[in-house]
Structures are given as C-alpha cells and as structure tokens.
Amino acid sequence: MLGLRRAFVALLPLPRAGSPPAAAMSTLLINQERYAWLRELGLQEENPGVYNGRWGGRGQVVTTYCPANNEPIASVRQGNLEDYEETVKKAKEAWKVWADIPAPKRGEIVRQIGDALRQKIKVLGSLVSLEMGKIFVEGVGEVQEYVDVCDYAVGLSRMIGGPILPSERPGHALIEQWNPVGLVGVITAFNFPVAVYGWNSAIAMICGNACLWKGAPTTSLVSVAVTKIIAKVLEDNKLPGAICSLVCGGADIGTAMARDERMDLLSFTGSTKVGKQVALMVQERFGRSLLELGGNNAIIVFEDADLNLVIPSALFAAVGTAGQRCTTARRLFLHESIHDEVVAKLAKAYAQVRIGDPWDSDTLYGPLHTKEAVKMFLDAVEQAKQQGGSVVCGGKVINRPGNYVEPTIVTGLPHNAPIVHTETFAPILYVLKFKEEEEVFAWNNEVKQGLSSSIFTKDLGRIFRWLGPKGSDCGIVNVNIPTSGAEIGGAFGGEKHTGGGRESGSDSWKLYMRRSTCTINYSKDLPLAQGIKFQ
C-alpha cells in the first residue's frame, strides 16, 4: 500500500519532526474549543508514544497535522531504540502470563476491548477523520471494524484447534496441536490507522500472543488513543499492560522489529517497496512475516452488466477515502459497446461528489493525507497525459486549505501504459476499453499486484470462469460489487507483490500460531510407520 501507498509509513523517515516551541503550543488544534473532544481520548499537547505497562518515550517529538487544513493537532514523543529494547523485554514477560490464560478467557478480555471501543466509537472516529483525513462516517466505520473483529475473535477463542487424525499404527493417536507464536509485531499504515491493528491484535490475542504495535508516524495520535483504551481494559483485569505494547517511531524502530529474532511474527502493512525490504530482513533470520502490500485493482464491466450497480460501485471504489485504500479501484475496464455511456454517467456522478471538511456529515470526499501525496497525484496526471491519456474530469488541485485534489477520470490509455501499471495512492481512475473476456481477464492479471478485483455481469458461466483457475489471480475476487469494502469474516490479503499475507477472518488465525503434529503411543508395543521392522 506507496506511490504514497498505504503506508507513507512505517520504515520511512519521520515527517516534520521536532518539538514545537512553547509559543506555538497555543496554535495546536487540541487547545481550540472546537477540538476539546480530543481530551476525552486522554490526549494532551504532548503525548508519550511508548506504552509497555507504563507510558514514556525518549525519542523525537513529532507533531501531527490535519490534512484538511494542514494545521498542527498535537505532538507525540516517539520511542528510541532503548525504549524499544525495554518494551520487547516487558512484552516477552507479559506473554508468559497471557499464554497461560485459557483461550476462552482471553476471548473475554478481547470482548471487553471491543465494548470499550464501542463506548468511544464516535470520538475515536472523529480523531481518525481529523488526523488521517478520511470522512467522518469512514472514520467511525473503521473503528466499527475493530469492534466487529473483537466480536469475531470472541467466538473464535472457543473454536481454534487442530484435528485428530487416523493413525496407521494400532494403539497410537495422531493429533495437531496449535500454540501461540509468542510476540507479534504489527506495523500499520496511515490510511487505516485503527482497523488494521484491530484485525491483527484481536486475532493474535485470542491465539495467546502478545503484541507490539508501531503505527504510522503521521497518525501517532490515533495509535496513542487506541492503546489507552486497550491499556485500561488490561489494567482493570489486573493483566500486564505490555500484552499490548506500543512504540511510536520511525525507520529505526521498524528496522529493529524486522531484524529482531524475538519478534516471532511481523505483520507489515505498507508499500510493496518497503514490504520487500521488511520481508528480506525477516527472512534473513528465518522469521515469519505477514505482508499486506500494494494493490492495482480493476473493475471489469461487461455489456450485460446492470449499470445501476456499476456506476455507484465504481464511484465508491475509486473515490472513497480519496483513493487511499489498498483496495481502491484504479483501473476500470469497459466493454467497447458501453464505454462511452458508462464514462458519461460516471463523469456526471463524479460532478455530484460533495467535497468538504472530512468531519462534516454531508462530506463524501476529503483530502489526501499529505502534501507529498498531492505532488504524486499531479505527477501521475501529467504522466497519464504524456502517455496519451485524456482527462475527462478532475486532474487539478482544489483551491482551498488542506491537501485537496479533484477526483479524476482518465481515458484513452492502452491497458499496458506504464502509468496504468503504477499504483498511485490518489483518486485517479484509468478507464480502458476491451473486446473479449479472455483478453480482459489477462489484463486484470498482468499487473504485479494481486489484491482485489471485480466483474459486473449476469452471465453465470463467465462468473465461474472468473472465479476459476483461469480467472482473477487476486486474493479478493468479487462479482457485482466494488473492489473495496471487504467483510471481516473473510481472509483479507492478496497475491504476488501484494505479499501473500492474510488477515482477519476465515483461517487467518493460523498465521498467528505454530502447529505441531503429535503422535501418542498408548500401547505396550512400538510399531514403526510404513511397516518398517528394525530388530
């Protein structure tokens, strides 16, 4: 997820570092009456960014900014490598306590975390909107995802386990035993600063793991606020706070996590470029990684599609979160017979998108996360023009405070244009013509990423060919719905340069555990497998 990619993020240098002078403290949004609600989350002008049972931090002070106006919100004192070392040790000690608690009782703690999040859902959603830039309803929806995963994990805590397998030897039992891996490191990105940690931590916790979280530096306040909610639940249950540790920081902390042999699993959400570096560092020590990286997602619309479904689906998938979802639709393949009609209807829908402050209830489209993202947007639009594309709508920066750009539609490019194969983390939709099913399925698969994909059709045969071995090569393969908006009950993730990891539902829990095949001899004999005699 970097053109800007989902993580501007994790191992990159810290933005706008440095402690604000005392005279500037009054300019922080947290000190303005309109944003007094930030105090309800336990936030203050300067916040400690390390939690391991107690709050601290000895690193740089980083100020985070509101993307809607580029005004400073508050600051967080990051952790340094000493803080990291101390936190890992405490997390390992906390794991010894947590692993001994029966899984259903661990589920009860996760249930309480979900309830605590419910109580703060609107104010926490408002913080997501303020610091990340997504619209309020999406911010609340993101917290709801964490709540939903907690509910899911509670049930899962009574269901995880392995089978009893038939043994070929008399008087023997053959079973699978699943145990927690130990310490799970979670590095998350700016665009889903709550939900992705929730997907990982809720499942990891019921499996018996401790977690150490490093969020994106540009959404550090969200990381602190979420951790405060979790910490209170752990403390109220007289459990070590280090079960869910936090170390805010930059490249030094992310690199330390990737190289640390005490990190039994490292879950990384971010760009393909940085994800590759993480994967190599983890593999070098034969560690485990769970990667959720880039997506250059396509919607394919056939001539028999219901356009009443297509237009809102394409709009939501391309414009939602200002094009900053890993599942954002970046390519729209239209059958040549309906191309012009769909483009005209989609352009009309784009013109009706309500742009404004992300925390206003009427707003459907907010800012990009950073000024750097705006530059990347403009560069991509220019490249698209140079490569033969025509801008149907959008393509410009909006003249207002903040990082606002126009949602953009580009037509006329070939399916293999370099810019079409580049994931730009911005609201640019490349609309492409096709003639035949076979060619467009191949075009869907020709990009390096393999996260999400969707077709719109009423042809049952085509639907099952799309779902089959010669259809989409993505981890998410949809029919008559957008590429974005995945449910928590399914495994989330993708193939190829998307990283191959799976989070959240289905059997993703297995990634947070280690499996042992166990043979138990309850007889008085010692028969060998495969009938071997050794006498």
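Which residues is cysteine 211 in contact with, leaving aside its neighbours within four places in sequence? I shall begin there and work outwards. Please keep in mind throughout that this is a predicted model.

Cysteine 211 is found in strand β9. Leaving aside its neighbours within four places in sequence, cysteine 211 is in contact with Leu183, Val184, Tyr197, Ser201, Ala204, Met205, Ala242, Ile243, Cys244 and Ser245. Cysteine 211 has a relative accessible area of 0%, and as the cut-off for buried is under 20%, this residue is therefore buried. One of those contacts deserves a further word: tyrosine 197 is 14 residues from cysteine 211 in sequence, and the C-alpha atoms of the two are 9.7 Å apart in space.

Let us now turn to the sheet that contains β9. Seven strands form this open sheet, in the order β3-β2-β10-β9-β8-β11-β12, and the pairing is mixed. At the edges are β3, residues 55-56, and β12, residues 289-292, each of which pairs on one side only. Strand β11, residues 265-269, runs parallel to β12, and four bridges join the two. Within that pair, threonine 269 has glutamate 292 of β12 as its bridge partner.

Two helices on this sheet should be introduced. Helix α6 lies across β2 (50-51), β3, β9 (210-214) and β10 (244-247), and runs at about 150° to β10. Helix α8 also packs on the sheet, where it touches β11 and β12; the direction of α8 makes about 170° with that of β11.

Where does threonine 227 lie? Threonine 227 is in helix α6. Its relative accessible area is 3%, and with the cut-off for buried at under 20%, threonine 227 is therefore buried. Leaving aside neighbours within four places in sequence, threonine 227 is in contact with Tyr51, Trp55, Trp213, Cys244 and Leu246.

Helix α6 also leads us to the nonpolar cores. The largest of these has 87 residues, of which Leu127 and Tyr146 touch the most other members. Helix α6, residues 220-236, supplies the largest share of this core, namely ten residues. Leucine 127, leaving aside its neighbours within four places in sequence, is in contact with Trp37, Leu38, Leu41, Leu43, Met132, Leu221, Val222 and Ala225. Another core, of 54 residues, lies apart from the largest one, and includes Val353, Val410, Ile428 and Phe456.

Before moving to the second sheet, I should like to consider a pair of helices. At what angle do helix α7 and helix α8 pack? Helix α7 (residues 251-259) and helix α8 (residues 272-284) pack at about 40°, and their axes are 7 Å apart. The two helices are therefore oblique to each other. On the α7 side the contact is made by Thr255, Ala258 and Arg259, and on the α8 side by Val278, Met281 and Val282. By class, these contact residues are four nonpolar, one polar and one charged. In α7, the residues Ile253, Gly254, Ala256, Met257 and Ala258 are buried. The buried residues of α7 pack against α1 (81-99), β8 (183-187), β9, β10, β11 and α8.

I come now to the other sheet. Seven strands form this open sheet in the order β15-β16-β17-β14-β13-β19-β20, with mixed pairing. Its edge strands are β15 (390-393) and β20 (476-479), each pairing on one side only. From one strand to the next, the twist averages 25°.

How many residues of β17 are buried? Six of its seven residues are buried, so that the strand is mostly covered. On one hand, β17 (residues 428-434) pairs with β16 (residues 408-411) in the parallel sense, over four bridges. In that pairing, threonine 411 stands opposite valine 431, and valine 410 has tyrosine 430 as its bridge partner. On the other hand, β14 and β17 pair in the parallel sense over five bridges. Phenylalanine 333 stands opposite leucine 432 in β17.To close, the starting point bears repeating: cysteine 211 is found in β9, and β9 belongs to the sheet with edge strands β3 and β12.

Conventions
Residues are numbered from 1 along each chain as its sequence is written. This is a predicted model: local features need pLDDT of at least 70, side-chain atom pairs count only at pLDDT 80 or more; totals for chains, interfaces and linings use all residues. Side-chain values use heavy atoms; hydrogens and water are left out. A nonpolar core is a set of buried Ala, Val, Leu, Ile, Met, Phe, Trp, Tyr and Cys residues joined through side-chain atoms within 4.5 Å. Buried means under 20% relative accessible area, exposed over 50%, partly exposed in between (1.4 Å probe, protein chains only). Contact means heavy atoms within 4.5 Å. Axes are lines fitted to C-alpha atoms, for helices over the stretch in contact, and angles run from 0 to 180 degrees between N-to-C directions. Angles under 35 degrees count as roughly parallel, over 145 as roughly antiparallel, 65 to 115 as roughly perpendicular and the rest as oblique. Ala, Val, Leu, Ile, Met, Phe, Trp, Tyr, Cys and Pro count as nonpolar, Asp, Glu, Lys and Arg as charged, and the others, Gly among them, as polar. Two strands pair if DSSP finds at least two bridges between them.
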